[in-house]
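Subject: Structure for your review

Hello,

Please find the structure below. My notes on how the chains are arranged follow it.

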Protein chains: 4
Amino acid sequence: MDDNAIRELLDRVLAPWVRALALTPVKVDDESATLRLPFSGELRHSGGVICGQVFMAAADTAMIVAISAALGGFKPMTTVSLNISFMKAVRKGDVLVTARVLRLGRNLVFGEVELFDEDGRLAVHATTTYALLD
Amino acid sequence: MDDNAIRELLDRVLAPWVRALALTPVKVDDESATLRLPFSGELRHSGGVICGQVFMAAADTAMIVAISAALGGFKPMTTVSLNISFMKAVRKGDVLVTARVLRLGRNLVFGEVELFDEDGRLAVHATTTYALLD
Amino acid sequence: MDDNAIRELLDRVLAPWVRALALTPVKVDDESATLRLPFSGELRHSGGVICGQVFMAAADTAMIVAISAALGGFKPMTTVSLNISFMKAVRKGDVLVTARVLRLGRNLVFGEVELFDEDGRLAVHATTTYALLD
Amino acid sequence: MDDNAIRELLDRVLAPWVRALALTPVKVDDESATLRLPFSGELRHSGGVICGQVFMAAADTAMIVAISAALGGFKPMTTVSLNISFMKAVRKGDVLVTARVLRLGRNLVFGEVELFDEDGRLAVHATTTYALLD
C-alpha cells in the first residue's frame with residue numbers, strides 16, 4: 001500500500017474523533033507501519049504532557065495500518081486487546097509511532113507498537129491482539 | 001468529591017481532545033467512579049461501532065476520577081500501564097464506565113474498569129496501574 | 001462438574017511441573033472456579049515471598065477450570081494472553097484463586113482471576129483471553 | 001555479570017519450584033539476557049505442547065536476570081505486572097528466552113521478553129514492569 005492508499009484508509013476507516021489526531025503515514029511496508037503524530041496543545045493534559053489517551057489511540061491506529069499493509073489492503077478486524085506501558089513523559093514535539101506485526105495468524109494477529117519522542121527515545125510501548133473478521 | 005468537584009476536575013485536568021468525549025459523572029464515591037460516555041456518531045469507525053480508542057480514553061479517564069475520589073482530591077499521577085480487552089461491539093447508546101481502585105499503595109495504584117452498553121452488558125474490561133507523583 | 005471431575009481434569013490435563021503446585025478445587029460452578037494453592041516453602045524465592053511465577057501458573061490453571069465448568073467439561077483451548085498484576089506480597093498461608101468467565105464467545109473466552117491471601121486480601125489480579133480449538 | 005555470577009544468582013534467588021525448570025544462561029550483557037529453557041516432558045500438558053505456565057515463569061526469570069545485569073548485580077525487586085501473548089505452540093525442543101530492558105527508571109523498570117522455538121521462530125512475547133525496592 002502506498003502513501004495515498006494509507007491516507008485514504010485513515011480517512012475512510014477512522015472515527016472522526018480519532019481522525020482529529022491528524023496521524024499521517026511516514027513509512028509503511030509489509031513489515032511495519034510508521035505514522036507521525038503531529039504535536040498539538042490539544043493533546044496535553046493539565047500537567048503539560050501529551051496524555052496517555054492520545055498514545056493509546058495512535059498505537060491502535062498504527063497497528064490497523066500495519067495489519068492492512070501486511071494483508072495487502074484493509075480488511076474488517078477488531079481489536080481484542082491492547083496493553084500499553086508509558087515509560088517517559090512527552091512534553092512537546094511530534095511523535096513517531098511504529099507498529100510491527102509479530103504474527104499474522106489465520107484468525108488472530110499479534111503486534112507490537114513503539115512510540116518515539118522527537119529525540120528518538122522510546123516513550124511508550126504497546127502490544128496488541130486483533131481478530132480478523134470475515 | 002461531589003458532582004461539581006468531579007466536573008471541575010474533568011474540565012481542568014483533561015486534554016481538550018479527551019474533553020471532547022463529554023464524559024460526565026454518574027456516581028462517584030471512595031470505592032468507585034462511574035462516568036457516562038454519551039453516544040455520538042463521531043465515535044464510530046467505518047464498521048459502525050464505537051472504536052476502541054474511545055473506550056481506552058474513557059477507561060483511563062474514569063480511573064483518574066476514581067483515584068482522585070479515593071485520595072479526597074486530584075493529585076498528580078501518571079498512567080504506568082493500561083490493559084484493555086474488547087469483548088463485545090457497541091453500535092449505539094450511552095456507555096457507563098465504572099472504575100474501581102483495587103489497591104491504593106503508597107506509590108502505585110492498581111485499578112479495574114468495566115464498560116457497560118445501554119443494555120447493561122459488559123462490553124469492555126480494563127486494568128490499570130498508576131504511579132502517584134509528589 | 002463436581003469436585004471429582006475437577007480433580008480428574010487437573011490430574012489429566014496439567015503438565016507434571018504445574019501439577020506439583022497441588023492445586024485443589026474449593027468451589028466450582030458455571031460462574032466461577034475457586035482453587036486452593038497450598039502453601040509450601042518450595043514456592044518462595046530468596047526474598048521470602050511466594051514468587052510471581054507461582055501465581056501466574058495458578059491463575060492460568062484456575063481459568064482453565066472455570067472455562068471447562070462453563071462449557072460443561074474440558075475442551076481443547078489455548079491461552080492467547082494473560083495479564084497479571086502483583087499488588088501485595090504473600091509470605092505465608094494458602095492462597096485462594098478465583099477465576100470468573102467474563103465473556104464466553106464462540107471462539108474467544110475472556111476471564112478475570114483474583115488471588116487472595118489467608119487474610120482474604122486481594123494480592124494478585126489477572127485477566128486472560130483463551131481461544132477455543134475445535 | 002559473567003556466566004558463573006548468573007548461575008549463582010539463579011541458584012540463590014529462585015524458588016525451588018522455578019529452579020526445577022533448569023534455566024541456564026546463554027548470553028547476558030548490559031542490554032539483554034538470553035536463557036535456555038531445556039526441553040522436558042514434564043513441561044507439556046495433555047495436548048502435547050509446552051504449557052503457558054512454563055513460558056510465563058521463564059519470561060519472568062529472564063527479565064530478573066536482565067535487570068540484574070543492567071544494574072551490575074541483583075538488587076531486591078518485585079514484579080509489578082507481566083503481560084504475555086502466546087503466538088505459536090511449541091511441541092518440542094529447547095526454547096531461547098531473551099529479555100531486554102526497555103527503560104531503567106529510578107523506581108520502575110520496563111522490559112520485553114521474546115521466546116523462540118528451536119527453529120528460531122518467535123513463539124511467545126511478554127512485557128513486564130518491575131519496581132526496584134530499597
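A turn of 180° with a shift of 0.0 Å along the axis lays chain A on chain B, at an RMSD of 0.0 Å. That is the relation of a two-fold axis. Within chain A, Asn83(A) has the C-alpha nearest the axis, at 2.1 Å from it. Both copies use the same surface: 100% of the contact residues of chain A recur in chain B. Please keep in mind that this is a predicted model.

On the interface: 32 residues of chain A are in contact with 32 residues of chain B. On the side of chain A that touches chain B, the elements giving two or more residues are these:

- helix 1 (3-13) of chain A
- helix 2 (16-19) of chain A
- helix 3 (52-71) of chain A
- strand 3 (77-86) of chain A

Of these, strand 3 of chain A gives the most to that side, with nine residues. By residue type, the side of chain A that touches chain B divides into 18 nonpolar, ten polar and four charged residues.

Strand 3 also pairs across the two chains. Strand 3 of chain A runs antiparallel to strand 3 (residues 77-86) of chain B, and the pairing extends over five bridges. Which residue in strand 3 of chain B is the bridge partner of Asn83(A)? The partner is Asn83(B). Asn83(A) is thus a residue to look at for two points: its C-alpha is the one in chain A nearest the axis, and its bridge partner is Asn83(B).

Regards

Technical notes: Residues are numbered from 1 along each chain as its sequence is written. Chains are lettered from A and ligands numbered from 1 in the order in which they are written. This is a predicted model: local features need pLDDT of at least 70, side-chain atom pairs count only at pLDDT 80 or more; totals for chains, interfaces and linings use all residues. Copies are superposed by least squares on the C-alpha atoms of residues with pLDDT of at least 70 in both. Two residues are in contact if their C-beta atoms, placed from the backbone, lie within 7 Å. Helices (H or I, at least four residues) and strands (E, at least two) are DSSP runs, numbered from the N terminus. Ala, Val, Leu, Ile, Met, Phe, Trp, Tyr, Cys and Pro count as nonpolar, Asp, Glu, Lys and Arg as charged, and the others, Gly among them, as polar. Two strands pair if DSSP finds at least two bridges between them.
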